[in-house]
Amino acid sequence: MRNQRGWTYHALGRACLLLDRLDEARRLANRALEFSPSHLGFAAHALYLLGDIAIHPDRFDAESGEVHYRQALALAEPRGMRLLMAHCHLGLGKLYRRTGKREQARDYLTIATALYREMDVRFWLEQAEAEMRQLQ
């Protein structure tokens with residue numbers, strides 16, 4: 001039951017982020033993390049959401065975004081959570097593009113693009129390719 005609450009908080013936080021309700025999104029993402037201590041996969045998703053919130057244009061915080069994406073990756077990689085790994089690489093690519101670190105952005109976007117392509121996730125592949133074009 002506790003793990004289900006974590007996932008519910010994550011889903012609500014993601015919806016709030018899409019609605020630009022950033023304070024609510026952050027509160028819900030933190031609750032998702034709080035309710036996911038025994039399920040590290042859910043915790044990885046909550047950390048990824050916190051990364052996305054941190055790089056939102058209205059509240060851009062590169063340092064926090066980087067920390068959250070790296071923490072999410074550290075949990076996702078050993079669990080083989082490839083889609084989440086791709087999302088984190090995309091997030092890091094966006095973050096580095098926005099901070100002017102073009103080489104790092106290219107590296108992360110290349111990884112995200114390759115993962116999305118391997119999994120045949122076209123919607124996200126198009127997002128990663130669009131980010132890559134913005135580098136040029």
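**A walk from helix 4 to helix 7**

In helix 4, the buried residues (under 20% relative accessible area with a 1.4 Å probe, protein chains only) are Gly-65, His-68, Tyr-69, Ala-72, Leu-73, Leu-75 and Ala-76. Looking down the axis of helix 4, you'll find them within an arc of 165°, so they line one face of the helix; the arc is taken over the directions from the helix axis to the C-beta atoms. This is a predicted model, so to speak of local features takes pLDDT of at least 70, and side-chain atom pairs count only at pLDDT 80 or more, while totals for chains, interfaces and linings use all residues. Residues are numbered from 1 along each chain as its sequence is written, and side-chain values use heavy atoms, with hydrogens and water left out.

Flip helix 4 over, and the face turned away from the buried side carries Glu-63 and Ala-74, both exposed (over 50% relative accessible area). Helix 4 itself covers residues 62-76, and its 15 residues reach 21 Å from first C-alpha to last, close to the 21 Å expected (1.5 Å times one less than the number of residues). Helices here are DSSP runs of H or I, at least four residues, numbered from the N terminus.

What does the buried side of helix 4 pack against? Its partners are helix 3 (40-54) and helix 5 (82-98), with contact meaning heavy atoms within 4.5 Å. Take Leu-75, which lies in helix 4 and is buried at a relative accessible area of 19%. Setting aside neighbours within four places in sequence, Leu-75 touches Leu-40, Ala-43, Ala-44 and Leu-47.

Now for helix 6 (residues 102-119) and helix 7 (residues 122-135): their axes come within 9 Å and cross at roughly 155°. The axes are lines fitted to C-alpha atoms over the stretch in contact, with angles from 0 to 180 degrees between N-to-C directions. Helix 6 and helix 7 are therefore roughly antiparallel (the label for angles over 145 degrees). Among the residues that meet are Leu-109, Thr-113 and Tyr-116 in helix 6, and Trp-124, Ala-128 and Met-132 in helix 7.

Finally, the loops. Most residues other than glycine have a negative phi. Asp-120, in the loop between helix 6 and helix 7, has a positive phi of about 55° although it is not a glycine. Asp-20 has a positive phi too, about 60°, and sits in the loop between helix 1 (2-18) and helix 2 (22-34). At 48% relative accessibility, Asp-20 counts as partly exposed (between the 20% and 50% cut-offs).

Notes
Helices (H or I, at least four residues) and strands (E, at least two) are DSSP runs, numbered from the N terminus. Angles under 35 degrees count as roughly parallel, over 145 as roughly antiparallel, 65 to 115 as roughly perpendicular and the rest as oblique.
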